[in-house]
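Biologist: Please take a close look at one part of this model, its interior, and explain how the elements around it are arranged. I should like the account to be tied to individual residues.

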Amino acid sequence: MAPHREEAGNEGAGGKAKTRAFIALAIFLLILGLTYVLRPDDFILYVKAFHVIAVMSWMAGLLYLPRLFIYHTDAPIGSERSETFKMMERRLLRVIMNPAMMVSWMLGLYLAWDVYGFQGGWLHGKIAMVVALTWVHVLFGRAVRDFAADKPRRAARHWRIWNEVPTVLMIAIVILVIVKPF
């Protein structure tokens, strides 16, 4: 009986966290929508700011999730620790990373179209790096499903290597955006 109550408690807490996250996302989108409707003179600066906020949230998840995989790999299948990691990974992916990725893409494409007219080699390079980052996101999403299904696990070393991939892509993206080398 105790494990059942504990699971229910975790789901209750998870439900509250999910609700808070969706409220925060709704407020973010409401502010973004109001900014779009009101169209202040510096509207594009707001779009850029919201884009950076979304990207920061997405990157936080892309940097944290493989760390969870490393710890999860060491947790025995079926253990309480393993089940906790499953819940954390699922929530991080669904509640933070997926919405942040979608908002990043929407605002990024808007900026690429409205500000830059999809012109510039640096922009094409940046978009290619963001496609690669999205591919990493998809791979991490598959790993979340594999861990949830207790499929065979990759070694912690595998996830330590993958933990660096979003960082390298992020560095390339920032250099392309700030320096615009071509």
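Modeller: The account below goes from the overall architecture to the interior, then to the helix pairs and single residues around it.

This is a predicted model, in which local features need pLDDT of at least 70 and side-chain atom pairs count only at pLDDT 80 or more, while totals for chains, interfaces and linings use all residues. Residues are numbered from 1 along each chain as its sequence is written, and side-chain values use heavy atoms, with hydrogens and water left out.

The secondary structure comprises five helices and zero strands, these being DSSP runs numbered from the N terminus (helices H or I, at least four residues; strands E, at least two). Read from the N terminus, the order of elements is therefore α-α-α-α-α. The C-alpha trace spans about 60 × 35 × 20 Å along its principal axes. Of the 182 residues, 35% count as buried, where buried means under 20% relative accessible area, exposed over 50%, and partly exposed in between (1.4 Å probe, protein chains only). Among contacts (heavy atoms within 4.5 Å) between residues at least 6 apart in sequence, 78% join residues at least 24 apart.

The interior is best approached through its largest nonpolar core, which has 26 residues. Such a core is a set of buried Ala, Val, Leu, Ile, Met, Phe, Trp, Tyr and Cys residues joined through side-chain atoms within 4.5 Å. Trp58, Leu62, Leu65, Phe69, Leu133, Phe140 and Trp159 are the members that touch the most other members. Helix 2, helix 3, helix 4 and helix 5 each contribute at least two residues to this core. In soluble globular proteins, nonpolar side chains tend to be buried together. A second core, separate from this one, has 10 residues, among them Phe43, Val103, Tyr110 and Leu111.

Within the largest core, Leu62 offers a useful point of reference. Apart from neighbours within four places in sequence, Leu62 is in contact with Met97, Leu133, Val136, His137, Phe140 and Pro166. Of these partners, Leu133 and Phe140 are themselves listed with Leu62 as core members that touch the most others.

The helix pairs that involve helix 5 come next. The axes of helix 2 (residues 43–74) and helix 5 (residues 156–179) come within 8 Å and cross at roughly 175 degrees; each axis is a line fitted to C-alpha atoms over the stretch in contact, and angles run from 0 to 180 degrees between N-to-C directions. Helix 2 is therefore roughly antiparallel to helix 5, since angles over 145 count as roughly antiparallel, under 35 as roughly parallel, 65 to 115 as roughly perpendicular and the rest as oblique. On the side of helix 2, the contact is made by Met59, Leu62, Leu63, Pro66, Arg67, Phe69, Ile70 and Thr73. Helix 5 answers with Ala156, Trp159, Arg160, Asn163, Pro166, Thr167 and Met170. By class, this contact has 10 nonpolar, three polar and two charged residues, with Ala, Val, Leu, Ile, Met, Phe, Trp, Tyr, Cys and Pro counted as nonpolar, Asp, Glu, Lys and Arg as charged, and the others, Gly among them, as polar.

Helix 4 also packs against helix 5: their axes come within 9 Å and cross at roughly 160 degrees. That angle makes helix 4 roughly antiparallel to helix 5. The residues of their contact divide into 20 nonpolar, one polar and one charged.

Two buried residues with hydroxyl-bearing names deserve separate mention. Ser104 lies in helix 3 (residues 80–114) and counts as buried because its relative accessibility is 3%. Beyond neighbours within four places in sequence, Ser104 is in contact with His51, Ala54, Val55 and Trp58. Thr134 lies in helix 4 (residues 121–148) and, at 18% relative accessibility, also counts as buried. With the same exclusion of sequence neighbours, Thr134 is in contact with Trp58, Met101 and Trp105. Trp58 thus appears in the contact lists of both Ser104 and Thr134.

Two partly exposed residues complete the picture. Ile53, in helix 2, has 40% relative accessibility and so counts as partly exposed; its C-alpha atom is separated by 8.4 Å from that of Ser104, 51 residues away along the chain. His158, in helix 5, counts as partly exposed at 22%. His158 and Ile70 are 88 residues apart in sequence and 8.5 Å apart in space, C-alpha to C-alpha.
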